[in-house]
Amino acid sequence: MSCSANLQPPTAHPDPYAPIEHLQPPNVTSLDIILRQKLLLMMGAGPVPIPHKVAHAHSVVINHLGDTMNTVIEQVKAMGRYVTRSSHVLGVAGPGSAAMEMAIANLVAPGDRVLSFCNSYFSRRMAEMASRVGGEVVCLSVVDAVCTLSTMPFEMDSWKVDAVITGGQKGLSSIPGVSLLAFSDAAWDRIEACRHKMAHWCLDALLADRFWNRKSYHYTAPVSGILALHEALRLVCEETLEHRFERHRICSRALQRGIEAMGLELLVPQPARLNSVVGVRIPEGGRPTRCAATCGARIASRPRARST
């Protein structure tokens, strides 16, 4: 046997654990410094400050399958039916917009004509979602109740609403990122009868139904977020909807009168105002960001009430 003189020893592979001199971790500021343990005034519709018990529930991680999670899910559905006044309730791993898209994607098939009342930013978003799944009118109504669910009366079944969507971070006083979606019997029948394949795997209501109603697997559920949603709904049930509606009504009327006493004008006429959202017209020449900063500074300077 002869050996070629041209053979070279194998090239040594670089050590993947060798220090990388040119790559340094970024210098970031701790959240303890950013947040500074002071009152954060929310001047928008949400996310809203959450109760301590909701925040504590969100700090817990459990197995996304098994008896413990099944118990949590059953109670979330029961409480979801209480606040939506409907029967088919699913959770959505995502913001209210994901719940909106799940409703649209499961109710609108390519070629369907969809009637959308575009009177606001989010209704225009709903119309765009319908166009993206191929919708070109279905006799089904989809209601965005992200801000209003549990803050003022809403009767899904008796009002013949076919789908209602809500995020966790507004009316329910939970965290962003986990939402609720409820379907009427008619809407669910339509979903089950649909013969075209859903374009969105994660948002497929029939696949989600496996997890939410059959104790089976869809994808790894956001367990901490579901626990937070569970606790937020439990607090709603503990207070009862009637008392919660009245509390929001009283607080909203007090806020409205205070704003008007300052000489400011409210955006929406009284009969159409929501308990949970109060729009204010900024005087000519005023800047919204400066108004919000001034209000925040004044409120932050006051003694903080003890949270419960």
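Which residue in S4 does Val89 stand opposite? The legends below give the answer and describe the surroundings. The model is predicted, so local features need pLDDT of at least 70 and side-chain atom pairs count only at pLDDT 80 or more, while totals for chains, interfaces and linings use all residues. Residues are numbered from 1 along each chain as its sequence is written, and side-chain values use heavy atoms, with hydrogens and water left out.

**View 1. The open sheet has 4 strands in the order S1-S4-S3-S2, with mixed pairing.** Strands (E, at least two residues) and helices (H or I, at least four residues) are DSSP runs, numbered from the N terminus. Two strands pair if DSSP finds at least two bridges between them. The edge strands, S1 (88–93) and S2 (142–144), each pair on one side only. On average, neighbouring strands of the sheet are turned by 20 degrees against each other, direction ignored.

**View 2. Strand S4 (residues 178–183) pairs with S1 in the antiparallel sense over 6 bridges.** Val89 stands opposite Ala182 in S4. Strand S3 (residues 163–167) also pairs with S4 in the antiparallel sense, over 5 bridges. The bridge partner of Val164 in S4 is Ala182. Because 6 of the 6 residues of S4 are buried (under 20% relative accessible area, 1.4 Å probe, protein chains only), S4 is largely enclosed by the rest of the structure. Val178, Leu180 and Ala182 point one way from S4, and Ser179, Leu181 and Phe183 point the other way.

**View 3. Helix H4 (residues 96–107) is mostly covered, with 10 of its 12 residues buried.** Among the buried residues of H4 are Gly96, Met100, Ile104 and Leu107. The expected span of a helix is 1.5 Å times one less than its number of residues. For the 12 residues of H4 this gives 16 Å, and the end C-alpha atoms are 17 Å apart, which agrees.

**View 4. Helices H3 (residues 67–84) and H8 (residues 223–239) have axes that come within 9 Å and cross at roughly 45 degrees.** Axes are lines fitted to C-alpha atoms, for helices over the stretch in contact, and angles run from 0 to 180 degrees between N-to-C directions. H3 and H8 are therefore oblique to each other (angles under 35 degrees count as roughly parallel, over 145 as roughly antiparallel, 65 to 115 as roughly perpendicular and the rest as oblique). The contact (heavy atoms within 4.5 Å) includes Met69, Ile73 and Val76 of H3 and Ile226, His230 and Leu233 of H8.

**View 5. The axes of H3 and H7 come within 9 Å and cross at roughly 100 degrees.** H3 and H7 are therefore roughly perpendicular to each other. Their contact is made by Met69, Ile73, Glu74, Val76 and Lys77 of H3 and Phe211, Trp212 and Asn213 of H7.

**View 6. Leu206 lies in helix H7.** Leu206 is partly exposed (between the 20% limit for buried and the 50% limit for exposed), with a relative accessible area of 33%. Leaving aside residues up to four places away in sequence, Leu206 touches Trp188, Ile191 and Glu192. Leu206 and Ile191 are 15 residues apart in sequence and 7.7 Å apart in space, C-alpha to C-alpha.
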